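Subject: Structure for you to look at

Dear colleague,

I am handing over the structure we talked about, and I would be glad if you opened it beside this email. Please take a moment to turn it around before reading on.

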Amino acid sequence: MHDAADFRTVKRYQVFLFALLSLVYMMPFVQGVIMSVVAKDVMADLTLSPEQMGLLGSAYMWCYAGSMIFSGMAAAYFGPRRYLTGMYFVAGVGGIIFAGANSLPLACLGRALAGVGTAGVLTSSLTLFARWYRGESYATTCALFFSFGGLGAFLGAGPLAIANAEWGWRACLFFVGALTIFYALLVILFVRDWPPAGSEQVLGVSPSPRERITLAIMWKTLKTLSGSRDFWKLALWFMAMSGFYLSFAGLWAVPYMKDVHGLTDAKAGMALSMFSFGFIIGNPLVSWISDKLHSNRTGLAVSGGVCMVLVLIMMIAGTRLQYSGLLVLCLCYGMGCNAPNVLVYSSARNLFGSRIANIASGVLAGLCFIAGAVLQVVGGGVLGFAERRDMDHNLAYTLAFLPYILCFITAIYCGATLSKHSDPGRISPMSWRAQTRIVEKKDEKSS
């Protein structure tokens, strides 16, 4: 049994673990918006067309999505510490390759490696939080954790735009790659997969079996998820809302603001950073409102409606939209399309239980990046079509925004029709039945 000093050490380590993982979690958000900031410079330096730029931007998304789908299972199989370290080293190398690229294939390789590597941080962190934090503080911990992701998106927008204007995109991307490798070293040196034996009581967590999850359990988990309508509604909501964010804020927002509204790099970057402020402010606010209303469904449906109104305002106002209006719109977008993400993970935990939810989180996040990659390519195709026909910039981007309307309609429907068991304070029968079925050692036939 550990003495009081040991327990204080463990409690201090909880704080340290959260701080370290929050810093690490900022990096995927930096990577998610960085291409929007440097898009014009990269296109000019590598002589890329809008279609080619859409392909380059989506290379990160496709590889992030593919890696993310399996990241929850990989973190459980290899252990979150080893998995996150290896993946972040790959991401850092990818960032450095992209910084030195002189052709589209090499640039795509660098972005692809960055996408594969940064996908591991979310599910690894959620796995660690489930092991180190008690259930009552889990949701609050995740909400604060996601807010740090918003801070990463802010740093990748405004400040990076200023750095890009001062030192160029290659220096900025090299720094990001080197910092990612440094984070990988911190993880392997200081992260521990499990609390010390015997400390579960002071931490308020349940003692968990520390055996490695098998491939058979992973397969049963995927079958359980794929057979759930609620899972697919969560997936479609996530794909619609985060797909918009990854497409617009992740690639086309800064070109839109420069082409249509004539903003400078610094002003466009500051407007882009308002997405992040909306995420940071909205994340705990949305969680608090959801708890007060005892409904995740309401928050998910309303957020889709809010974002649909915002994109219609942007399309109808066109060039009449002032800079202050752009700032407000981007702030509201951040609150509407990003802040409710915590409700998706909370709903998954309520519906499927903590063990399955960690794997479900990786699959959900991977699917949303697939949507983001598709929308980036679609946007590039529409803008390339408009450019070849000498269309006005305002009309070109209005056409490119049309798919977002369909995204938001989908989000409204999926949020409104989600099962009531996804709400706070409710436990789905599927949660305990599915976990019992998955973790049993033998099936009935063999007993």
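What follows is a description of what was found, going from the whole chain to a few chosen places.

Please keep in mind from the start that this is a predicted model. The average pLDDT of the chain is 81, and 85% of the residues score at least 70. The stretch to treat with caution is residues 441-447, where pLDDT stays under 50 and where the model has 1 contact beyond four places in sequence. Where pLDDT is low, the predicted coordinates should not be read in detail.

As for the overall picture, the chain contains 17 helices and 0 strands. It has 447 residues, of which 57% count as buried. The surface that the chain exposes comes to about 18200 Å², with carbon and sulfur atoms supplying 67% of it. If you consider the contacts between residues at least 6 apart in sequence, 86% of them join residues at least 24 apart.

Two pairs of packed helices are worth following on the screen. Two packed helices are described by the angle between their axes and the distance between the axes. Helix α2, residues 50-78, packs with helix α4, residues 104-118, at an angle of about 30°, and their axes are 7 Å apart. Because of that angle, α2 counts as roughly parallel to α4, and the crossing in which α2 passes α4 is right-handed. On the α2 side the residues that meet α4 include L55, L56, A59 and Y60, while on the α4 side the residues met include A107, C108, R111 and A112.

The second pair is formed by α11 and helix α12, residues 265-293, whose axes come within 9 Å and cross at roughly 155°. With that angle, α11 is roughly antiparallel to α12. The contact is made by residues including F244, Y245, F248 and A249 of α11 together with residues of α12 that include A268, A271, L272 and F275. Here too, α11 passes α12 in a right-handed crossing.

Staying with α11, which covers residues 229-261, you will find S247 in this helix. Is S247 buried or exposed? S247 is buried, because its relative accessible area is 0%. Leaving aside residues up to four places away in sequence, S247 touches W252, G372, L375, Q376 and Y404.

One of those partners, L375, lies in helix α15, residues 341-388. L375 has a relative accessibility of 12%, so L375 counts as buried. With the residues up to four places away in sequence again left out, L375 touches G243, F244, S247, P403, Y404 and C407. The C-alpha atoms of L375 and L246 are separated by 8.3 Å, although these residues are 129 residues apart along the chain.

Finally, please look at two loop residues with a particular backbone angle. Most residues other than glycine have a negative phi, and most peptide bonds are trans. T47 is not a glycine, yet it has a positive phi of about 50°. T47 is found in the loop between α1 and α2, and it counts as exposed because its relative accessibility is 66%. D390 is likewise not a glycine, and it has a positive phi of about 55°. The loop that holds D390 runs between α15 and α16, and D390 is exposed, with a relative accessible area of 71%.

With best wishes

How values were computed: Residues numbered from 1 in each chain as written. Predicted model: local features only at pLDDT ≥ 70, side-chain atom pairs only at ≥ 80, totals over all residues. Heavy atoms only, no water. pLDDT = per-residue confidence, 0-100. Contact = heavy atoms within 4.5 Å. Helix = DSSP H or I, 4+ residues; strand = E, 2+ residues; numbered from the N terminus. Buried < 20%, exposed > 50% of the residue type's maximum accessible area, 1.4 Å probe, protein only. Areas by Shrake-Rupley, 256 points an atom, 1.4 Å probe, with all protein chains shown as cover. Axes fitted to C-alpha atoms, helices over the stretch in contact; angles between N-to-C directions. Parallel < 35°, antiparallel > 145°, perpendicular 65-115°, else oblique. Left-handed = near helix turned anticlockwise from the far one by under 90°.
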